[in-house]
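User: Please take a close look at one part of this model, the sheet pairing and what lies around it, and then place that part in the wider picture of strands, cores and cysteines.

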Amino acid sequence: MNSSALLSAILHAVMRGQPKAISDSYYPGFHLAPVTGLLNDPNGFIHFAGRYHLFYQWNALGCQHQHKCWGHWSSGDLVHWKHEPIALMPDEEYDRSGCYSGSAVDNSGVLTLLYTGNVKFDDGSRTAWQCLAVQNEAGGFDKLGPVIPLPVGYTGHVRDPKVWQHAGQWYMVLGAQNNRKQGTVLLLRSADLLHWRNLGEIAGSGLNGLKDAGYMWECPDMFTLDDTTFLICCPQGITREEHRFLNAHPCTWTGGDLDYAAASYAHGSLNELDAGFEFYAPQTTLSADGRRLLIGWMGVPDGEEMRQPTIANGWIHQMTCVRQLETREGRILQRPVAELKALRGEEYHFQGRAAEAPLISAQRLEILIAAQGKITLDFSDTLQLEWHEEGLRLARRSLESGEWQYRYWRGAVSHLQILCDHSSVEIFINDGEGVMSSRYFPAQAAQLTLIGDAEVEARYWPLRHTVIE
Ligand code: FRU
């Protein structure tokens, strides 16, 4: 579609779709979601010139994975967001099948986007270009076109550039599939964002001690925190285990040392970043005061996503809350960013036997809860969290078959911090040693019931509603 036809179709879709989407009882009250159509990966997360910017994969025209644009929001405080002009649309030959995921950098005061131009051919094959766009005076973005063609030795699955600066150079990690159908991550270097040198594979299937680790690694993100260099990535095709990697596609982290000169990365094993039913393609950035922040897509591709009931109201998916990353003994901890405390209403407190706790409205709720012994947290008979000695088991019925499905977090749990929105929960375990993020679709406004004889202590707050302005 040419850009004016596409823009007119998007405008029409938003005019018709927005009222229906935002009045859906499942539409989030404080998480980011599309005003119509489909949202997937967060893109271009950055603090730039005094504001946070978050872009997102967006199909305004429907709830399928098509016509991917970059939508754009900004915020002064990570709590209140406003709409910005649409940033990228798939209107050039080199991005005609979608402006796929990527990142944003501050290039000497110019907000600059690096993204994947995806091109699908009629015979089912595809290619990918890594492209550049720079912000203009009107707040929109001017495309500068491709800067990296498909590297030799790779299939058309090369995408999702994440770029950062180190010692005066730009570095990029790219998700890729090589011709042997192995998922890998490429490291590239540039002095000017225009001319890039491919330094080779730094992680992936069959590398650095990993055996078979899947056929495609998507959405890599690399950063150093407390002297460890972490790689977050979504390796597609890794083996399911009894208690881990149970989603259609997982999101993992590993930590180690990146040798920039040798372009080699010595790292440990792959760990699940979030053990819930929905979490994928997160992106990190630095806050104004140097904290490492993360936001993820509370969805997973290729699973049961197309069964979600919100599709009837013309929208699908939401983001996670913004989280702050910290480390403990080389492991990543995730916690809701402190700014979110601004959403808290009046504080409530309960101490006693779980079964004697009041019914708590879980529509928009933050609860801190500590328990001695076995309890179950029941969310409107639709989602259940069993908390016992070995850890947590989260249960939900399949939207497809109606069968119960489970996700696990193994280890001693002393306390939880849970953020509930109209159709989601994010369960932070201990001090963020683990997280379980999940969507769920209760028949009525969600309520939390505590079940069991164990002693619990809880503090909780109803959370304020925010709207994207
Ligand atoms: C991950 C992903 C990315 C791609 C984008 C397209 O969810 O498949 O690899 O760039 O979504 O929307």
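Analyst: In this predicted model, T184 stands opposite G204 of strand β12, and this pair belongs to the antiparallel ladder in which seven bridges join β11, residues 183-190, to β12. The two strands are part of an open sheet of four, ordered β9-β10-β11-β12 and paired in the antiparallel sense. Because β9 (154-166) and β12 (196-204) each have a single partner strand, they stand at the edges, and one side of each is left without a neighbour in the sheet. When direction is ignored, neighbouring strands of this sheet are turned against each other by 25 degrees on average.

A further open sheet has six strands, again with antiparallel pairing, in the order β23-β34-β25-β30-β31-β32. Its edge strands are β23 (348-353) and β32 (434-439), each of which pairs on one side only, and the twist from one strand to the next averages 15 degrees. At the β32 end, six bridges hold the antiparallel pairing with β31, residues 424-429, where S424 stands opposite R439 of β32.

Strands β18 and β19 offer a hairpin to set beside these sheets: five residues lie between the two strands, and G290 in the turn has a positive phi of about 90 degrees. The strands run antiparallel and are joined by five bridges, one bridge pair being T285 with L293 in β19. As for its surroundings, β18 is mostly covered, with six of its seven residues buried.

Both strands of that hairpin also contribute to the largest nonpolar core, since β18 (280-286) and β19 (292-297) are among the elements that each supply at least two of its residues. The others are helix α1 (3-22) and the strands β1 (37-48), β2 (51-59), β3 (69-75), β13 (216-225) and β14 (228-236). This core holds 53 residues, of which I10, F45, L78, I232, L273 and I332 touch the most other members. It draws at least three residues from each of two domains, namely domain 1 (3-336) and domain 2 (346-462). The contacts of L78 give a local view: leaving aside residues up to four places away in sequence, L78 touches F45, Y52, L293, V322, V337, E339 and L340. L293 in that list is the residue of β19 that serves as bridge partner to T285. A second core, separate from this one, has 36 residues and includes W387, V425, L448 and A454.

The cysteines complete the picture. A disulfide is a covalent bond between the sulfur atoms of two cysteines. With a cut-off of 2.5 Å between the sulfur atoms, the count of disulfides comes to zero. For C99, the closest cysteine sulfur is that of C69, at 6.6 Å, which is too far for a bond. For C131, the closest is the sulfur of C99, at 7.6 Å, and that distance is likewise too far for a bond. C99 is buried, with a relative accessible area of 0%, and C131 is also buried, with a relative accessible area of 0%.

Methods:
Residues numbered from 1 in each chain as written. Predicted model: local features only at pLDDT ≥ 70, side-chain atom pairs only at ≥ 80, totals over all residues. Heavy atoms only, no water. Pairing = 2+ DSSP bridges. Axes fitted to C-alpha atoms, helices over the stretch in contact; angles between N-to-C directions. Core = buried A, V, L, I, M, F, W, Y, C linked by side-chain atoms within 4.5 Å. Buried < 20%, exposed > 50% of the residue type's maximum accessible area, 1.4 Å probe, protein only. Domains from an automatic or database assignment. Contact = heavy atoms within 4.5 Å.
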